[in-house]
Amino acid sequence: MAEVLVLAEHDGGEVKKVTLELLTAAKRLGAPSVVWTGPGADAGAARLGEYGAEKVYVADSPDFSGYVVAPAAELLASLVADKAPAAVLVAGTTEGKEIAGRLAIKTGSGVLTDAVNVTAGDDGAPVAEQPNFGGAITVHSVVRAGTPIIAVRPNAISPEAAAGAAAVEAVSFAASDAAKAAAVTERVVAEKGERPDLTEAQLVVSGGRGTGSEEGFKIIEKLADALGAAVGASRAVTDAGWYPHQFQVGQTGKTVSPQLYMAVGISGAIQHRAGMQTSKTIVAINKDPEAPIFEIADFGIVGDLFTVVPQLLDEIAKHKGV
Ligand SMILES: Cc1cc2nc3c(=O)[nH]c(=O)nc-3n(C[C@H](O)[C@H](O)[C@H](O)COP(=O)(O)OP(=O)(O)OC[C@H]3O[C@@H](n4cnc5c(N)ncnc54)[C@H](O)[C@@H]3O)c2cc1C
């Protein structure tokens, strides 16, 4: 069975959930082999084995933290040449998509990004499902040149446990001078707080212009905290400076695909929908019954958010027995 390379996203020894999602997709295509950059593989290997990883190629080089994404693309290119995998799967994050693009150039391959599912076609080759035009059209695409390289949206595939040997194999790697052209000079750790990461979260509560002000937006944080959710925002909010830009959801912001997405005081412009409409369940709260967000909502509440959300908070508190 051909190998399928999966580029691990991890935090040192902690495997990010998206890696398990990629393993689940890889298993449908062949024998999953994880590519681990930097330290921590020993701590992470067991978890990878629980989700079907047969091998873990470990390149523990400081080049991966010292330079931007080029070394990872270079490592993958050498493994593609060496192992002739059936496909390479990476997370559809900003970095993952850049690595995918660079790898495609290096290997003369086709690349598909923003996949929300990957399955094996009749000939066994990977078929990627991609929402296009802000989700208005869904296409199924295959790669016709080289090794299929697919960037898969985090949270789009449910990870399924499957036993794998997760045999660790060290790979020697030193980045070329070209890959060292852009060096990391400083790292600033973003204050994360207690909330889950927006792109990985199972629950997201997003607020829009309907919140009225920076002060008004605080009700979104309250609701998110009551649910243990991440906070998102529309561009109207981030442009107004009511909430930081890194929390913007949409075409020019983050793409999210949680189990539950609550859009509060958000009209549902196509550019916002592009970043959230693959969410499993969408709940909209809006005082305008004609707001376009209701077209894609599974549950809608027509009302003033400053009346509805406090009632919701009361109900959540009762439910928790607080
Ligand atoms: C190139 C380009 C890229 C873009 N990228 C993005 C992007 O990434 N993300 C994004 O979000 N937008 C993006 N936009 C902007 C997008 O077109 C919309 O302008 C934006 O999404 C609107 O944000 P909003 O829904 O919060 O505000 P509005 O459209 O003003 O909607 C506010 C909503 O709140 C409701 N409301 C008002 N008061 C209350 C209340 N008290 N209770 C309940 N409901 C209330 C209103 O009925 C209305 O539906 C982009 C635009 C362009 C041109």
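**A tour from the ligand outwards**

Begin by selecting Asn-286 together with the ligand: a polar side-chain atom of Asn-286 lies 2.7 Å from an oxygen atom of the ligand. Before going further, keep in mind that this is a predicted model, with every distance and area on this tour computed from it. With the ligand still selected, switch on a surface, and consider that the protein covers 76% of the 980 Å² of accessible area that the ligand has on its own.

Next, add two further side chains to the selection. Ser-234 places a polar side-chain atom 2.5 Å from an oxygen atom of the ligand, and Gln-248 likewise has a polar side-chain atom at 2.8 Å from a ligand oxygen atom.

Now widen the view to the whole shell around the ligand, which consists of 24 residues, the closest being Arg-209, Ser-234, Thr-252, Ser-267 and Asn-286. If you colour this shell by residue class, you should find five nonpolar, 14 polar and five charged residues. Switch to a cartoon and select residues 235-239, which form helix 7, and then residues 270-273, which form helix 8; each of these helices supplies at least two residues of the shell. As for the site as a whole, the ligand sits in the second largest pocket.

Leave the ligand for the moment and select strand 13, residues 203-207, where Ser-206 is found. Is Ser-206 buried or exposed? Its relative accessible area is 0%, and because buried means under 20%, Ser-206 counts as buried. Show the side chain of Tyr-261 as well, since the side chains of Ser-206 and Tyr-261 make a polar contact of 2.8 Å.

The last two stops concern the backbone. Most residues other than glycine have a negative phi, and the next two residues are worth selecting with that in mind. Go to strand 7, residues 111-115, and pick out Asp-114, which is not a glycine and yet has a positive phi of about 60°. With a relative accessibility of 22%, Asp-114 counts as partly exposed.

Finally, move to the loop between strand 11 (149-152) and strand 12 (167-170), and select Asn-155 there. Asn-155 is not a glycine either, and its phi is positive, at about 75°. Whereas Asp-114 is partly exposed, Asn-155 is buried, with a relative accessible area of 7%.

Notes:
Residues are numbered from 1 along each chain as its sequence is written. This is a predicted model: local features need pLDDT of at least 70, side-chain atom pairs count only at pLDDT 80 or more; totals for chains, interfaces and linings use all residues. Side-chain values use heavy atoms; hydrogens and water are left out. Helices (H or I, at least four residues) and strands (E, at least two) are DSSP runs, numbered from the N terminus. Buried means under 20% relative accessible area, exposed over 50%, partly exposed in between (1.4 Å probe, protein chains only). A residue is near a molecule or strand if one of its heavy atoms lies within 4 Å of it. A polar contact is a pair of N or O atoms within 3.5 Å; within protein, one must be able to donate a hydrogen and the other to accept it, and residues adjacent in sequence count only if both atoms are side-chain atoms. Accessible areas come from the Shrake-Rupley method with a 1.4 Å probe; for residues, only the protein chains shown count as cover. On a 1 Å grid over the protein atoms alone, a cavity is a set of points where a 1.4 Å probe fits but cannot get out, and a pocket is an open set with protein on both sides within 12 Å along at least five of seven lines; lining residues have an atom within 4 Å of a point. A molecule sits in a cavity or pocket if more than half of its atoms lie within 2 Å of its grid points. Ala, Val, Leu, Ile, Met, Phe, Trp, Tyr, Cys and Pro count as nonpolar, Asp, Glu, Lys and Arg as charged, and the others, Gly among them, as polar.
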